[in-house]
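Me: Could you walk me through a few features of this one, giving the general idea before each case?

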Amino acid sequence: MKQLCIGLLVLALVLLPACGSSPESPAGTEGGILSHFQTTDLEGNAVDESIFSGYQLTMVNIWATFCTPCISEMPELAGLAETYAPKGVQIVGLISDGDSETELAKSIVAETGANYQHLLPSADLENLLSQVYAVPTTIFVDESGRQVGSTYLSAKTGEEWAEIIDRVLASLG
């Protein structure tokens, strides 16, 4: 069983970056893994790919309400969202189990001070979420919703995320 889990994690690491960088994306995802979608946020507001416009880089942190490491890193992500906003970077949460746990997710966001935008899953996001085998999973996208850089599994400290954000920003030129 342990070998199967490790194998699935390796497969996820190989597949998710490929989907973000493939020139031949599946139908409905032309341009990038998050280039065309509609969903709502925790407040019930309609959200689409235009949330990336005006930001050089968006960190998409995919989390779940049952995931202690996900919740533990949220206060530091909130601090990073504030620190990096002037540099054209935003953080967006995607709640993988948010369709069934919206009220719990709202409570977690309030308790952790994670005041950045959190998206609920939708049919348009199934392609991305079906490739997530562990939470938290974090990807970075550009203004067009194209994945840039690597896929990151597991929670990190604020300092570790800052180093990664700086490195991805530098790679964008």
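Me: How many cavities of 30 Å³ or more does the structure hold?

Reply: On a 1 Å grid over the protein atoms alone, a cavity is a set of points where a 1.4 Å probe fits but cannot get out, and lining residues have an atom within 4 Å of a point. Volume is the space filled by probe spheres set on the points, which are joined across faces, edges and corners. Here there is 1 such cavity, with about 40 Å³ of space. Residues are numbered from 1 along each chain as its sequence is written. The model is predicted, so local features need pLDDT of at least 70, side-chain atom pairs count only at pLDDT 80 or more, and totals for chains, interfaces and linings use all residues, while side-chain values use heavy atoms, leaving out hydrogens and water.

Me: Which residues line the largest cavity?

Reply: Leu 34, Phe 37, Phe 52, Val 60, Val 92, Leu 94, Leu 119 and Leu 125 do.

Me: Which cysteines form a disulfide?

Reply: A disulfide is a covalent bond between the sulfur atoms of two cysteines; the cut-off is sulfur atoms within 2.5 Å. The whole structure has 1: Cys 67 and Cys 70, with sulfurs 2.3 Å apart. Their link is right-handed, with 80° about the S-S bond.

Me: Is Cys 70 buried or exposed?

Reply: Buried means under 20% relative accessible area, exposed over 50%, partly exposed in between (1.4 Å probe, protein chains only). Cys 70 has 0%, so Cys 70 is buried; Cys 67, at 6%, counts as buried too.

Methods: On a 1 Å grid over the protein atoms alone, a cavity is a set of points where a 1.4 Å probe fits but cannot get out, and a pocket is an open set with protein on both sides within 12 Å along at least five of seven lines; lining residues have an atom within 4 Å of a point.
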